[in-house]
Amino acid sequence: MAASTMPYTLTMPTTINMNKVNAALDLNFNNKKKTTTTTTTRVGLTTFLVKAASQSHNGVPATKLGLTNAECEAAIVAGNVPDAPPPPPKPAAPAGTPVVPSLPLTRRPRRNRSSPVLRASFQETTISPANFVYPLFIHEGEEDTPIGAMPGCYRLGWRHGLVDVVAQARDVGVNSIVLFPKVPDGLKTPTGDEAYNDDGLVPRTIRLLKDKYPDLVIYTDVALDPYSSDGHDGIVREDGVIMNDETVHQLCKQAVSQARAGADVVSPSDMMDGRVGAIRAALDAEGFQNVAIMSYTAKYASSFYGPFREALDSNPRFGDKKTYQMNPANYREALIEAREDEAEGADILLVSGEYSMIKVSGSQNIIDEERVMMESLMCLRRAGADIILTYFALQAAKCLCGEKR
């Protein structure tokens with residue numbers, strides 16, 4: 001490379017070792033003789049010769065010359081710039097590409113998407129295992145029973161399989177779960193009294209998990225349908241009407257029983273009017289001011305609940321749930337429900353996502369299950385969700401941690 005030979009006067013508090021500079025710059029690179037240019041440089045009272053060695057840049061790191069920072073800077077000031085790779089060539093367009101003037105754009109958003117590093121730098125929404133709450137189905141048996149309509153999900157034995165799955169989830173950063181019980185038919189009644197039995201399946205399970213994992217955050221479902229012989233979320237009058245206030249009375253007893261067992265968050269999913277405020281008052285009256293309420297605030301009378309009801313064996317014995325769950329066509333009504341729940345003291349508001357259709361489509365190679373799973377979860381975060389109750393929690397957390405599914 002060419003270098004300037006114009007003298008440059010530089011005052012420095014130290015004297016540069018001329019022999020050291022010459023010896024260093026006379027080194028060969030890969031046993032090849034380098035071409036050098038010389039320049040006379042004045043530093044204080046010392047004159048020395050700087051030899052700039054040109055080196056190849058085929059991926060081999062440059063040899064260190066043993067110069068001090070001051071000596072390197074002096075060489076640059078004198079115009080002896082070290083060799084470096086040339087600018088990258090401009091990629092060629094394919095043959096036939098029209099030659100057009102650049103559009104007069106002051107802003108091109110694609111610039112911030114031009115490489116993986118830039119895309120990661122400007123990503124607005126992130127997701128981590130800490131955002132997941134893992135729904136787990138439990139039953140009184142010792143064996144884990146697969147749920148046909150929900151591939152990958154099981155009714156877990158509360159003393160064995162459940163503990164193992166919780167341990168797996170914690171290993172990948174999921175430390176929040178929500179429990180859904182499959183109650184024996186012999187314990188179901190029209191008024192769902194088993195829901196607030198302190199020695200029932202859910203309270204026992206909470207106590208077991210809290211004993212083993214004290215820092216585990218446990219959410220519970222507050223609703224009568226798993227305990228109702230009618231399969232509804234409330235007490236059914238003889239004319240088929242779901243009784244609101246009487247049901248709320250039962251729900252308050254259920255929530256207090258769960259809090260007494262050690263639940264961190266109780267989650268009414270029944271859609272009775274006024275239940276959040278009543279549950280808050282009941283919890284506070286029993287000294288559970290620190291137990292939070294997650295309200296299933298906009299629960300639609302949706303056909304998508306079919307797999308879930310199979311898991312709980314809680315399909316209505318007659319009729320449907322349209323008099324208390326919402327019309328899927330309504331969004332203003334959902335906002336009304338959300339405002340009411342917030343005003344009554346809900347700490348968290350809950351909405352729904354999808355699982356079974358993704359699993360089935362993935363098993364038939366219609367979609368890339370892992371990619372669609374992560375995209376659907378990211379979309380919920382993008383929409384504003386802080387936490388996500390998802391049956392994908394364990395699988396997604398393993399993906400985020402770099403494990404293969």
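Author: Let's start with a definition: a patch is made of residues with over 30% relative accessible area and no salt bridge, with like charges joined within 9 Å. Accessible areas come from the Shrake-Rupley method with a 1.4 Å probe, and a salt bridge is a side-chain nitrogen of Lys or Arg within 4 Å of a carboxyl oxygen of Asp or Glu. Lys and Arg count as positive, and the charge of Arg is placed at CZ.

Author: This is a predicted model, where local features need pLDDT of at least 70 and side-chain atom pairs count only at pLDDT 80 or more. Residues are numbered from 1 along each chain, and side-chain values use heavy atoms.

Reader: Thanks! Which residues gather in a patch of positive charge on the surface?

Author: R108, R110, R111 and R113 do. R108 lies in the loop between α2 (69-77) and α3 (116-121); helices are DSSP runs (H or I) of at least four residues, and strands (E) of at least two.

Reader: Is R108 buried or exposed?

Author: In between: buried means under 20% relative accessible area and exposed over 50%. R108 has 34%, so it is partly exposed.

Reader: How do I read the two faces of a strand?

Author: In a regular strand the side chains alternate between the two faces of the sheet. In β4, F132, Y134, L136 and I138 on one side and V133, P135, F137 and H139 on the other are all buried.

Reader: Which strands pair with β4?

Author: Pairing takes at least two DSSP bridges. β4 runs parallel to β14 over two bridges, to β7 over five and to β6 over three. In β7, I138 stands opposite P181, while F137 has R155 of β6 as its bridge partner.

Methods
Patch = residues over 30% accessible without salt bridge, like charges linked within 9 Å, V, L, I, M, F, W, Y side chains within 5 Å. Buried < 20%, exposed > 50% of the residue type's maximum accessible area, 1.4 Å probe, protein only.
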